[in-house]
Structure formats: C-alpha cells, structure tokens
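Got the structure open in your viewer? Here is a short tour, stop by stop, with something to select at each one.

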Amino acid sequence: GKFNILAPPLFKKPALKNKNITAIVYKLKIDDGFIHIEDRLKGFKKDIVKFDGDLTLSLPDSFKVRAGFISHPPRNTKFTIWAKYNLKSSLLESKFKFLNLAIEEFKPYLAGLAFEINSSFLSGDFTLNLDKEKALYLKGNTSMEKIDFRRGFTFKGDMDASFEAQGYIKKINYAKFSINSVLKNVSIGGLPRNIEINSINGPLIITDKKLESSGLKGKIFGSPITTSGSLENFKNPKLDISGEIKDLNIIDCKEIIASLKKNTPNSTAISGKLDIKFKYSSFIKETENAKFMINSVLKNVALSGLPHIGNIDSINGPLDISERSAETTGVSGKFLTNTFLAKGSLKDYKNPALHLVINSNEFNVSDYLKLLPAKFKDKLKGAELSGKSSFNLVFEKIFAEEKPSIFEAKLSLTNTFFKNLKPEIELKEIGG
C-alpha cells in the first residue's frame with residue numbers, strides 16, 4: 001500500500017555540519033494497506049486487506065483517527081472507525097461501524113464463556129466515549145444472523161438489539177448495561193425429553209440485574225405457545241416463567257408419552273388435545289424446591305388398549321397439576337355407549353393419598369359383562385342382560401399406610417332383565 005507523511009516546513013534549513021533534523025508530523029495516511037495478525041499462543045490468524053486510514057494531529061489539543069478495512073473469510077467483514085482524543089480534557093469520542101463480523105473466528109478468546117459459539121454474524125454501529133474520570137459510555141444498535149450457541153441445549157436464529165452501557169474501566173465488572181432485543185425465528189433444542197421450541201419471536205430485555213420478556217411467541221410440538229418471564233440476580237439466578245399453549249396435540253408429545261408409558265402395556269395409547277396454562281418459579285441452583293402450576297383442559301382425549309377395560313373416549317374437562325398435587329373438579333368421558341363423570345385428587349407425591357369419585361346416571365347393564373375377567377365371561381357365555389343402571393364409586397387410598405383402601409359403591413338398577421344365566425335361572429324386571 002501507500003504510506004504518506006505530510007509535514008509543514010517548520011524548521012530552518014540546517015547547516016551542512018548539523019546532521020540533526022527536527023520535523024513535526026501533523027498527518028499520517030495509509031491507502032490500500034495490508035495487515036496480517038497472528039497470535040501463536042491462541043492459534044489466531046487474520047488478514048486485513050484494503051486498509052485505508054489516517055491519523056491527524058491538532059497539537060497541542062487533540063488528535064483524530066479514521067480507518068476503514070475489510071477482512072475475510074468466512075465473509076467479507078467491513079469495518080469503519082472514527083475517533084477523536086482531546087489531550088487537555090482526556091475525553092475520547094469514537095464511532096464504530098461493522099458488517100458481517102463472524103464471531104466464531106474469535107473462539108480462542110471466548111473460551112471462558114458459559115456456552116459454545118458455532119456460528120453467528122454480527123453487524124452494527126455504536127459510539128464509545130471515555131471521560132477524564134475513566135468513565136466509559138457505550139451506545140449502539142446491532143443485529144445477529146445465523147446464531148448458533150450451545151450449552152447442553154442449542155439456541156439458533158436471528159436477533160436485533162439496541163444497547164447502552166456505562167461504567168468505570170477499573171471496575172468494569174460493575175458496569176450497568178441494558179440490551180433491548182427482538183428475537184426473530186429463534187429455535188431452542190436439546191431440552192429434556194427432546195423438547196424443541198421453534199419459531200420464537202418477540203422482545204427480550206437483558207440488563208446487568210436481570211433478563212426478562214413479555215409476550216414471546218413460538219411453537220412447541222407444532223402448537224402455538226406464548227410465554228413471559230424473568231431471570232433475576234445472575235449470582236443466584238431465580239427463574240419465573242408463565243405461559244399458555246393452545247391445542248397441544250398429545251400424539252406429538254412422543255418423548256413425554258414414552259416416559260409415562262414405562263409401567264403400562266405397549267398396547268396402551270393416548271390421543272386428543274390439551275389447552276395449557278402454566279407457571280414456574282425456582283432458583284436455578286435449587287430446582288428441587290421449584291413451585292409450578294399447570295392448569296390444563298382435556299379436549300376429546302381418548303385412552304385405548306387399557307387392561308380389562310379397553311377404550312375410554314371423549315374425555316373432556318379440567319386437570320390441574322402442581323408441585324404437590326394433581327386434581328380435577330370434574331372430567332367427563334365415554335366408555336362404550338355410556339357417559340361418566342370423574343373427580344378427585346392425588347396429594348403429596350412423596351406420601352401420596354388418592355381420592356377418586358366416579359359416577360354415571362345412565363349406564364347400560366349389558367356393558368357390565370364386558371368388564372368381567374375372562375374366566376367369568378366364559379361362565380356367563382350366552383347370558384343376556386338389559387336395562388339401565390346408575391352408580392357412584394368412591395375410592396380412597398394412602399399408599400404409604402398398610403391399612404386397606406376405602407371403597408364405596410352405590411348401584412341402582414332400573415327395568416333390568418337377566419336371561420340365560422347358568423344354571424337355568426331367569427330373573428324378570430328388577431328395579432330399585
């Protein structure tokens with residue numbers, strides 16, 4: 001490249017015997033320069049091409065620096081820098097602009113981060129000022145493309161942000177900052193049970209004190225999800241999050257269903273949809289004390305292949321689950337041709353106590369035969385039952401106690417006929 005020094009004639013022509021020359025340089029300019037940067041200790045190499053810049057002195061007050069250059073690969077990264085330093089007031093003013101900065105290039109210097117950077121391209125502009133008290137002020141805008149961060153889970157997508165920061169150089173760890181960002185088509189994967197959240201869009205605010213968001217939208221298991229939450233106190237972080245999922249298709253929750261089916265026959269299956277509202281609160285280091293509440297509504301849920309029962313269809317109603325209990329105030333369903341209502345609770349998972357009430361006002365008596373074990377069905381082969389019944393079943397059990405379960409049943413039969421019972425017994429029209 002070209003290297004130019006401009007100097008005014010500020011000195012007299014020296015005598016022939018005087019070989020000392022004094023010159024004051026007030027401008028240094030470089031055109032089309034090339035710079036090779038190499039850090040062998042870190043294994044970092046970088047070539048900067050088309051470097052154009054100049055240094056202008058305005059003695060004794062200040063000096064200015066202007067520079068622009070391109071570096072590559074993986075993309076052509078463009079930089080523009082302008083800075084002015086006042087020698088009298090010790091005030092630094094500077095502006096930076098960059099396009100397509102590949103963050104992963106600087107991996108050797110980012111080894112201390114809590115996550116791995118596989119890819120991300122950064123563009124933006126910002127101002128950086130420093131006063132005589134060594135107080136630093138930073139303000140600007142940036143955009144990140146093709147983010148790929150990993151730490152047990154993956155974070156991919158794009159993000160736009162505006163930011164501000166201020167602090168003292170000697171106490172930079174105590175700097176105050178705020179980042180107002182907008183997530184664009186972000187996906188988070190690698191969560192427990194292979195859960196993925198995709199198409200995340202919305203605001204995310206990060207400050208020196210907390211991270212928070214209101215109204216993030218995305219998709220989980222193909223269903224829309226809306227969440228709000230915060231992560232406060234980074235030294236001992238506490239997570240609070242709430243949200244809502246609409247029309248969650250149970251069949252799409254394959255990993256969760258598989259974990260729940262460990263102690264059930266392979267023939268058992270579940271289908272249908274759920275609407276869910278949830279809240280979760282916990283210190284990250286104490287998740288065993290987490291507080292959560294899941295308010296769900298079952299929508300046409302079906303259970304099939306149940307041992308001794310077969311299928312239960314058209315299950316609708318509320319089901320609430322917290323860190324201490326599960327409860328329903330009334331779930332309706334259909335068994336064969338009959339409708340029923342169930343309500344109850346399971347409290348204290350460490351010492352579980354179950355209370356369950358099931359009732360039906362119109363149950364076909366003929367369907368009772370289908371509930372009997374196979375050995376009884378053989379004995380009643382050819383028998384016919386008809387009529388209607390109503391029943392109310394109450395079941396209570398404290399699993400840690402040896403005493404038997406409490407079971408109560410009330411059965412009422414109306415216009416019921418039993419035919420072809422063995423031995424030859426025929427009962428006519430039972431009511432009561």
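Before you click anything, one cut-off: a residue is called buried when its relative accessible area is under 20%. By that rule Phe69, at 12% relative accessibility, counts as buried. Keep in mind that this is a predicted model.

**Stop one: the phenylalanines.** Stay with Phe69 and add Phe51 to your selection. The two rings form a stacked aromatic pair, 5.8 Å centre to centre with 20° between the planes. Phe51 sits in strand β3 and Phe69 in strand β4 (residues 62–71), so this pair ties together parts 18 residues apart in sequence. Phe51 is buried as well, at 16% relative accessibility.

The search of the whole structure turns up 9 aromatic pairs. For another stacked one, pick Phe44 and Phe106: here the centres are 5.6 Å apart and the planes make an angle of 25°. Phe44 belongs to strand β3 while Phe106 is in the loop between β6 and β7, so parts 62 residues apart in sequence get tied together. Phe44 is buried at 8% relative accessibility, whereas Phe106 is partly exposed at 29%. Then select Phe96, Phe98, Phe126 and Phe163, which form one aromatic cluster.

**Stop two: salt bridges.** There are 10 of these in the whole structure. Try Glu105 with Lys46, where the closest N and O atoms are 2.3 Å apart. This pair links distant parts of the chain, with Glu105 in the loop between β6 (91–102) and β7 (116–130) and Lys46 in strand β3 (residues 44–58), 59 residues apart. Both Glu105 and Lys46 are buried.

Now go to Arg40 and Glu38, whose side chains meet in a salt bridge at 3.6 Å, N to O. Arg40 is exposed, at 75% relative accessibility, and Glu38 is partly exposed, at 38%.

Next, select Lys299 and Asp247 for a salt bridge of 2.5 Å, N to O. Lys299 is in strand β16 (residues 291–306) and Asp247 in strand β14 (residues 238–249), 52 residues apart. Add Asp275 to the selection: salt bridges with shared partners join Asp247, Asp275 and Lys299 into one network.

**Stop three: a serine and a lysine.** What does Ser223 touch, leaving aside its neighbours within four places in sequence? Its contacts are Gly218, Ile245, Lys246, Asp247, Leu248 and Asn249. Ser223 itself is in strand β13 (residues 223–232) and is buried, at 3% relative accessibility.

Finish on Lys238, which lies over the face of Phe283, 5.9 Å from the ring centre.

Methods. Residues are numbered from 1 along each chain as its sequence is written. This is a predicted model: local features need pLDDT of at least 70, side-chain atom pairs count only at pLDDT 80 or more; totals for chains, interfaces and linings use all residues. Side-chain values use heavy atoms; hydrogens and water are left out. Helices (H or I, at least four residues) and strands (E, at least two) are DSSP runs, numbered from the N terminus. Buried means under 20% relative accessible area, exposed over 50%, partly exposed in between (1.4 Å probe, protein chains only). Contact means heavy atoms within 4.5 Å. A salt bridge is a side-chain nitrogen of Lys or Arg within 4 Å of a carboxyl oxygen of Asp or Glu. Rings of Phe, Tyr and Trp (its six-membered ring) pair if their centres lie within 6.5 Å; planes under 30 degrees apart count as stacked, over 60 as edge-to-face and the rest as tilted. A charge sits over a ring if NZ of Lys or CZ of Arg is within 6 Å of the ring centre and within 35 degrees of the ring normal.
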